[in-house]
Amino acid sequence: MKIALCIAFVTTMASVAFATEIPQSERRSGYSFMSADTKAMQDEDTANPGMLFVLDGETLWKRKAGSADKACADCHNDARVSMKGIAAHYPAFEKALGRPVDLEGRINLCRTNHQQASPFAYESRELLALSAYVAQQSRGVPIAAGDDPELAPFVEKGRELFMQRQGQLNLGCTNCHDDNWDKKLAGSAITQGQPTGYPLYRLEWQSLGSLQRRLRACITGIRAQAYDYGSPELVELELYLKSRARGMPIETPAVRP
Amino acid sequence: MPSALINVPKKAKRGDIIEIKTLMSHIMETGYRHTASGDVVPRDIITSFTCRFNGTEVFRADLFPAIAANPFITFFTTVTESGKFEFEWIGDKGFSETAQASITVE
Amino acid sequence: MTNLDHTTRRTFLSLTGGAATLVIVRPVDATTAMLSAAIRNVVGEANVRTGKVKLDIPPLVENGNTVPMTVSVTSPMTAGEYVKSIHVFNEKNPQPNVGNFYLGPRAGRAQISTRIRLADSQKVTAIARLSDDTFWSATADVVVTLAACTEEAI
């Protein structure tokens, strides 16, 4: 019976006409879809397990690393001042590479170029902690990614990836997150996919995770081959999602089911 | 590098009942999960949490695999004098962490 | 009938969500006998009465990995009359124990909160031991909905 329902649901989505973007006034953070209990977990820092990673990030910020024997703080001083609002502009255009990099990518570029240290692995505790610490300095700051005109072609690529049907379920991100965000899939709310709180603590993961991890999980969910961590496609998707969420306040570290 | 978050009011009046909130970084691996190749992931949990005030135990808990990752525990205590709360988490694989928080009685 | 429904739900989830290699591991549930044994371990031969204990836990949770729970006991907290301990049990996790919490008169208020894991929809029971060695309990039913798009964690 439930299988039948599911198939019916997928069929419904397949029949929906081409996606329309969500008007500014109707944009909602994933937070607004959550139960009061889960909201409470995000609302208070002592109750928010994501804050444990932020604490670790603060330690790492001050710790010297690499053959340059420099800490983040040696160049950037107090993150509470220097990093305020920075995450709101990521992914940002990196001239040396001629393409956008996300916050995690920027941290690793800093490590290799300035600290002469090896880059952190994606989803490592260190990279999650540092990106959470940096992004938390922008809590409440409106997202402003994608404003740089050099990013325009990459935002467009990300948008195309978002719209593109793929995988065995033949779904694009848009089919759920633009067209059906007010509905449910099994017991879970289909959200708008607004990346306001990354890296965030997912109860499902029982850990902090990056936006790339979330995207990969979603892509696997539609039974397509997920792009590799750090691939241009994932960064372009991140960039499009961030530009789509422009103006929404950053919640890092958010909590989600 | 385990981190802990402790919420204890900095000041209170003698006789006040205060709430203490603690959050400890830990995976709380249940010992009931398997890898894709079928191997059991060994249990790795915090088994005991203790709070002492000026050396005297005021709260203790035994934890089991059913406690969620990054254990969050809150409880109450009566403030009798200024002093120091000491928190201790003990677990599998030799896990042992402590944290402290001071309170001033006005 | 319940079992059939359950299996169907798992099948449904593995079809819609998750990695193609999603492995659904279902350990043996704590049985009623295991639950009774775990409770007997704490209360011995004493009679457990319903009352005095309040168990606050959401009736429907978004994810069984992290379920907020508060237990409070209506009791004086004086040197002569207080709550000694609070014990929480579950019905269907692989293991019946959730946590034991030891208080004393200086707690001032017999109330604890934590977050627990529930492997499935089930009953949760909290038992309080008072200073006169009487035992009081409360039980709540929790429905656990699983995420639609699960991810292989290991």
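Reader: Before we start, what counts as buried or exposed here?

Author: C-beta atoms are placed from the backbone, and the count is of other C-beta atoms within 10 Å of a residue's own. With 12 or fewer the residue is exposed, in between it is partly exposed, and with 20 or more it is buried. This is a predicted model, where local features need pLDDT of at least 70 and side-chain atom pairs count only at pLDDT 80 or more, while totals for chains, interfaces and linings use all residues. Residues are numbered from 1 along each chain as its sequence is written, and chains are lettered from A and ligands numbered from 1 in the order in which they are written.

Reader: Thanks! What percentage of chain B is buried?

Author: The C-alpha atoms of chain B fill a box of roughly 60 × 20 × 20 Å along the principal axes. Of its 106 residues, the buried share is 38%.

Reader: How many helices and strands does chain B have?

Author: Helices (H or I, at least four residues) and strands (E, at least two) are DSSP runs, numbered from the N terminus. Along the sequence, chain B reads β-β-β-β-β-β-β-β. The tally is 0 helices and 8 strands.

Reader: How many residues does each chain bring to the contact between chains B and C?

Author: Two residues are in contact if their C-beta atoms, placed from the backbone, lie within 7 Å. On the side of chain C that touches chain B, strand 6 (97-102) and strand 7 (111-116) each supply at least two residues. The contact takes 26 residues from chain B and, from chain C, 30 residues.

Reader: Which residue of chain C stands opposite B:Asp62?

Author: Strands pair if DSSP finds at least two bridges between them. Strand 5 (residues 56-63) of chain B and strand 6 of chain C run antiparallel, joined by 4 bridges. In strand 6 of chain C, the residue opposite B:Asp62 is C:Asn100.

Reader: Where does the largest nonpolar core draw its largest share from?

Author: A nonpolar core is a set of buried Ala, Val, Leu, Ile, Met, Phe, Trp, Tyr and Cys residues joined through C-beta atoms within 7 Å. The largest one has 120 residues, and B:Ile67 is among those touching the most other members. Its largest share, 8 residues, comes from chain A, in helix 7 (residues 125-136).

Reader: Why does this core lie between two domains of chain A?

Author: Domain bounds come from an automatic or database domain assignment. The core lies between the two because both give residues to it: domain 1 (28-43 + 148-256) and domain 2 (45-136).
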